[in-house]
2 protein chains.
Amino acid sequence: MTGIRRLAQHLDISIGTVSRALNGRPDVNEETRRKVLEAAAELGYVPNQSGRSLRQGTTNIIGFMMQTGTEITGQGDTFFMSVFDGVQTVFARHHLDLVALLCSSEEDPDDYLRRVVARGFADGLILSATQRHDPRFEFLAKRKIPFVTLGRSLTDVGQPWLDLDFEGMAQTSIDRLVAKGHRRIAVTRPHDDINLGHLFVDQSARALAAHGLTLDPDLIFSSKPNEAGGYHVAQQLLAKKDRPTAILLVNETIAIGFYRGLSEAGLKPGRDIAVIGRQSPQSHFLSPSLTGFTLSRRDLGIALAEALLATMPAFSHFYPDAELRKIWPEDLVEGESDAFSLPG
Amino acid sequence: MTGIRRLAQHLDISIGTVSRALNGRPDVNEETRRKVLEAAAELGYVPNQSGRSLRQGTTNIIGFMMQTGTEITGQGDTFFMSVFDGVQTVFARHHLDLVALLCSSEEDPDDYLRRVVARGFADGLILSATQRHDPRFEFLAKRKIPFVTLGRSLTDVGQPWLDLDFEGMAQTSIDRLVAKGHRRIAVTRPHDDINLGHLFVDQSARALAAHGLTLDPDLIFSSKPNEAGGYHVAQQLLAKKDRPTAILLVNETIAIGFYRGLSEAGLKPGRDIAVIGRQSPQSHFLSPSLTGFTLSRRDLGIALAEALLATMPAFSHFYPDAELRKIWPEDLVEGESDAFSLPG
DNA sequence: CATAGTACCGTAAACGTTTACGGTGATCGA
DNA sequence: TCGATCACCGTAAACGTTTACGGTACTATG
């Protein structure tokens, strides 16, 4: 005798009533409900998730898909941990659990997702590292699995998304640097086809064009999103004959390596080259201090969770006016790294 | 008509045979097995996990419990991502999935674990951030849930564990610094009751004692395991009248903040104070280069997975001689940060 | 008092698997 | 030819829930 049956026997009532009492159904006497809850606590009863989800086709789990490989690690770390925390605070209100679905670097992300969905693992999903053309979107849409993405994509199936304001960052940065007299400005972009790279580079080019300048294709540096990538960017940059006077770093983690690369060549950000990047817990301890964009990762996680729940029938009424598609604003924190300016 | 029943109907055989074919049972004709597998692939059939786990009481999921809070983030980031990758490569061989169980910073870890277990969420667990006295151990042992911990504890319920060699690191570091003439050596430790702090500090004291020296309680700095913690340690250290000439940093992430704190006061590691810490992807880009310990996180993950599986009846025969309790060796990478030495 | 309505509860089916058990036809040895 | 063995397959129960449905006792209403 296990589970709900044990509880029912202990109370000498039917399992149906026990279930109703526990699930807050109206048609159960408040007195018996009290007894049931009491006994459940006493016996440490927790509903078996397999039985429950088999019956209702729902798992109370939301999956956040991530890759465990070392390549993506650079941006996967503390950033997501903080986002998770925001997501959790929202989910906790609805008794939903968040788990990170860890796709091994050895497995194809699309295959992995297929498996997860077919198994009926989660009621909803959060995707990140969205590719420019992302087959996962259509797959999920076809199966009617609610999901939200952190990152826009050209593949649009009507799902909600949140994204960082890469275009705004590009625009603001370029305007700022041009105002300081810079004409030859470099940008970085991730090495893969992740969508944010396109957004950032394209907008940088447009912003430069608005000032009558062009983005030299030779000054677009691809880099892996980690410290080593930044170091490599510095090396590439230093090898150029006609060195740029300013650079935009799209990724948060590469600044550290980039600084190191510069300093090994005797160069200093803010004195010899203007650098604008993005803030992170690590970058706060760079010297000279980094001029860069910042945002509340926790708030981002909250918004992400709300956008997802707003599209799930069971929860949508809680979030009637959630922002389903939002470009998240970022603030520029002024540091010393872009102090370098050129005579008008 | 769904699931296995659909598949069976499509092939015009019974669901029992389909199930046996898919699960590799011996008593099924190889020809029919081929047909079943073919049809399964064609129709994209994947067994429903709820049904399966309800029946067999097993989930094929291993959970890695983590906290999402920002405090622990400092050590939760890239370190675990790499460990995950190693764990995954082992699990993939057995069709086990690894998920990260994200305990919100707002929830008590013990309560969270209780919930996870009661729900029958995972077949096995990996715990990290082990406390000196960790109630989770006894709880899991009582329920006979297989688990392995990353980190020793005073609470021993016979479970396998792997741990970093904090005592070895302390010993090696102290010996090395004493040989360079240092007498007044500071150490750091995590701010909470996590076990590794005790191991590290105690062994440092013993190692000093072996040289006839003592560990000044005033030179034991508690810090949060992140960059800000390191910065704070530097400030505390600089405020001492009788400043130590060397310091051991137990955590990987604090070096960056510590460096920054020193440099703001015009001090330089390796010139004004000897620093020994632990390597991380970030620390590679510190200047002067950090003398510190390193290890293969991926291999650690592999060993962790093997130790866990060795204690699970269904898999133990695959790992007859897995190391169930191992202190993981680390290598010292010599950098410039401990170049500072004192006259004999 | 008869009827309708209400509040509460028990019964049993259903979710999708796995697997013990039994059954069928074929092969084989005597 | 006949039983025994074997390879293979179908049947049905079971895992722990939820929930539609129906039933009972009580209350209200006329």
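In which sense do strand 2 of chain A and strand 2 of chain B pair, and over how many bridges? The legends below begin with that view; please keep in mind that this is a predicted model.

**View 1. Strand 2 of chain A meets strand 2 of chain B.** The two strands run antiparallel to each other and pair over three bridges. In chain A, strand 2 covers residues 97–103. To find your place in this view, look for A:V99, which stands opposite B:L101 in strand 2 of chain B.

**View 2. Chain A and chain B share a contact surface.** Each partner takes part with many residues: 54 from chain A and 54 from chain B. Between them the two chains bury about 4,500 Å², and carbon and sulfur atoms hold 58% of that area. On the chain B side, the residues that lose the most area to chain A are B:M81, B:R119 and B:F285, which together make up 18% of what that side buries.

**View 3. A salt bridge joins B:R115 and A:D97.** Here the side chains of these two residues meet, with 2.4 Å from N to O. How many salt bridges are there between chain B and chain A? The count is six. Polar contacts link the chains too, with 19 residue pairs counted where both residues have pLDDT 80 or more. Several elements of chain B supply at least two residues each to the side that touches chain A, among them strand 1 (61–67), helix 6 (78–92) and helix 7 (109–118). Sorted by class, that side of chain B has 22 nonpolar, 23 polar and nine charged residues.

**View 4. Residues of both chains surround DNA strand C.** Count around this strand and you will reach 28 residues, the closest being A:T17, B:I4, B:R5, B:S19 and B:R55. Among the atoms of DNA strand C that come within 4 Å of the protein, sugar and phosphate account for 60%. The surface near the strand divides into seven nonpolar, 13 polar and eight charged residues.

**View 5. Side chains of chain B reach phosphate oxygens of DNA strand C.** B:T2 has a polar side-chain atom 2.9 Å from a phosphate oxygen of the strand. For B:R25, the distance from a polar side-chain atom to a phosphate oxygen is 2.9 Å, and for B:N23 it is 3.2 Å. Which elements give two or more residues to the surface near DNA strand C? Chain A provides helix 2 (15–22) and helix 4 (49–56), while chain B provides helix 1 (3–11), helix 2 (15–22) and helix 4 (49–56).

**View 6. DNA strand D also has residues of both chains around it.** There are 28 of them, and A:I4, A:R5, A:S19, A:R55 and B:T17 come nearest. Sugar or phosphate supplies 60% of the strand's atoms within 4 Å of the protein, and bases supply the rest. By class, the surrounding surface has seven nonpolar, 13 polar and eight charged residues.

**View 7. DNA strand D is contacted at a base and at phosphates.** A polar backbone atom of A:G51 lies 3.1 Å from a base nitrogen of the strand. On the phosphate side, a polar side-chain atom of B:T17 is 2.7 Å from a phosphate oxygen, and an N or O atom in the side chain of B:T32 is 3.3 Å from a phosphate oxygen. Helix 1 (3–11), helix 2 and helix 4 of chain A, with helix 2 and helix 4 of chain B, are the elements giving two or more residues to the surface near this strand.

Notes: Residues are numbered from 1 along each chain as its sequence is written. Chains are lettered from A and ligands numbered from 1 in the order in which they are written. This is a predicted model: local features need pLDDT of at least 70, side-chain atom pairs count only at pLDDT 80 or more; totals for chains, interfaces and linings use all residues. Side-chain values use heavy atoms; hydrogens and water are left out. A residue is near a molecule or strand if one of its heavy atoms lies within 4 Å of it. A polar contact is a pair of N or O atoms within 3.5 Å; within protein, one must be able to donate a hydrogen and the other to accept it, and residues adjacent in sequence count only if both atoms are side-chain atoms. Helices (H or I, at least four residues) and strands (E, at least two) are DSSP runs, numbered from the N terminus. Ala, Val, Leu, Ile, Met, Phe, Trp, Tyr, Cys and Pro count as nonpolar, Asp, Glu, Lys and Arg as charged, and the others, Gly among them, as polar. Contact means heavy atoms within 4.5 Å. Buried area is the accessible area (1.4 Å probe) that two parts lose on being put together, summed over both. A salt bridge is a side-chain nitrogen of Lys or Arg within 4 Å of a carboxyl oxygen of Asp or Glu. Two strands pair if DSSP finds at least two bridges between them.
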